[in-house]
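Here are my comments on the model, in numbered points. They cover helix packing and then the largest pocket.

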Amino acid sequence: KQWYQRRVAITAGIERDSIEVAKTEKIVKAEEVVANEQAAVAKGIKDECDADLAEAIPILEAALAALNTLTPSDITIVKSMKSPPPGVRLVMEAVCILKGIKPERVNDPATGKKVDDFWKPSQKVLGDMKFLQSLREYDKDNVSPPIIKKIRNTYIPNPEFVPEKIRQASNAAEGLCKWVRAIEAYDRVAKVVAPKKAALAIAESKFAEAQKSLNAKRAMLKEVQDKLQSLRDKFEENTKKKKVPTATLR
């Protein structure tokens, strides 16, 4: 009688835990679907960001490579120009604007009126031993809107502001021109990518939450599965002892 009661209790436990396992498996599968959907959303947004940045990153890398070919002596040559060609002046104006350097107000010999002049400020900037380093480390992700607007509206459309033409005036200025154009191109793409990055952060957060919940449910499933397996093992052990066919008791 004791053997029979124990067997009935084990069988009832197996039936109960089998139902619990089935329920938990259903929950896990549902949460796996949610997690996979969240992962797909996040990946889709990330792929969009990467595709957008693929336009600007090569330009930026090429510009940085151009800067790396410049030496302090190249910069000194530009700095030492007493009457710099228009192309050099044009490039240094753009560089000063991006670095937030204000022009001097000087008299225009032709009109006698005060005009903006960037050359003396440019020479001061070029005299900085860390000038090239400052360009390499420029905070391209946080360019002031008025500054980038000035570059975009005044310099980028200028037919004279192209590396091929600037090269005729100075090799160093050509590299600086490439850098200015690269910063503008990167900013243009970054403005498109910024809201997508924000959406990506939200999507990744939702995925992390879904994954955390899923992992918790998987742990619960393993717990009830282990419990069920333990009961089945006991049932088998009990059956072997009494040599009773298990098929009739399942």
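1. The axes of H2 and H4 come within 9 Å and cross at roughly 160°. Angles over 145 degrees count as roughly antiparallel, so H2 is roughly antiparallel to H4. The crossing in which H2 passes H4 is left-handed. Please keep in mind that this is a predicted model.

2. Which residues of H2 meet H4? On the H2 side they are Ile75, Val78 and Lys79, and on the H4 side Trp119, Gln123 and Leu126. By class, the contact of H2 with H4 holds four nonpolar residues, one polar and one charged.

3. H4, which spans residues 119–126, also packs against H3: the two axes come within 10 Å and cross at roughly 70°. An angle of 65 to 115 degrees counts as roughly perpendicular, and H3 is therefore roughly perpendicular to H4. From H3 the contact takes Val88, Arg89, Met92 and Cys96, while H4 contributes Trp119, Pro121, Ser122, Val125 and Leu126. Seven residues of the contact of H3 with H4 are nonpolar, one is polar and one is charged. Trp119 and Leu126 of H4 thus deserve a look in both contacts, since they meet H2 and also take part in the contact with H3.

4. How do H3 and H6 run relative to each other, and at what angle do their axes cross? The axes of H3 (residues 86–98) and H6 (residues 145–155) cross at roughly 160° and come within 9 Å. H3 and H6 are therefore roughly antiparallel to each other. H3 passes H6 in a left-handed crossing.

5. The contact between H3 and H6 involves Leu90, Glu93, Ala94, Ile97 and Leu98 of H3. Its H6 side is made by Ile147, Ile148, Lys150, Ile151 and Tyr155. In the contact of H3 with H6, eight residues are nonpolar, two are charged and none is polar.

6. Now the largest pocket, which holds about 190 Å³ of space. Which helices each supply at least two residues of its lining? They are H2 (72–79) and H5 (131–136). The lining includes Pro72, Ile75, Thr76 and Lys79, and further along the chain Leu126, Gly127, Asp128 and Met129. Phe131, Leu132, Gln133 and Arg136 also belong to the lining. By class, the lining residues divide into six nonpolar, three polar and three charged.

7. One link between the points above: Ile75, Lys79 and Leu126 line the largest pocket, and these residues also appear where H2 meets H4.

How values were computed: Residues are numbered from 1 along each chain as its sequence is written. This is a predicted model: local features need pLDDT of at least 70, side-chain atom pairs count only at pLDDT 80 or more; totals for chains, interfaces and linings use all residues. Side-chain values use heavy atoms; hydrogens and water are left out. On a 1 Å grid over the protein atoms alone, a cavity is a set of points where a 1.4 Å probe fits but cannot get out, and a pocket is an open set with protein on both sides within 12 Å along at least five of seven lines; lining residues have an atom within 4 Å of a point. Grid points are joined across faces, edges and corners, and a volume is the space filled by probe spheres set on the points. Helices (H or I, at least four residues) and strands (E, at least two) are DSSP runs, numbered from the N terminus. Ala, Val, Leu, Ile, Met, Phe, Trp, Tyr, Cys and Pro count as nonpolar, Asp, Glu, Lys and Arg as charged, and the others, Gly among them, as polar. Axes are lines fitted to C-alpha atoms, for helices over the stretch in contact, and angles run from 0 to 180 degrees between N-to-C directions. Angles under 35 degrees count as roughly parallel, over 145 as roughly antiparallel, 65 to 115 as roughly perpendicular and the rest as oblique. A crossing is left-handed if the near helix is turned anticlockwise from the far one by less than a right angle, and right-handed if clockwise. Contact means heavy atoms within 4.5 Å.
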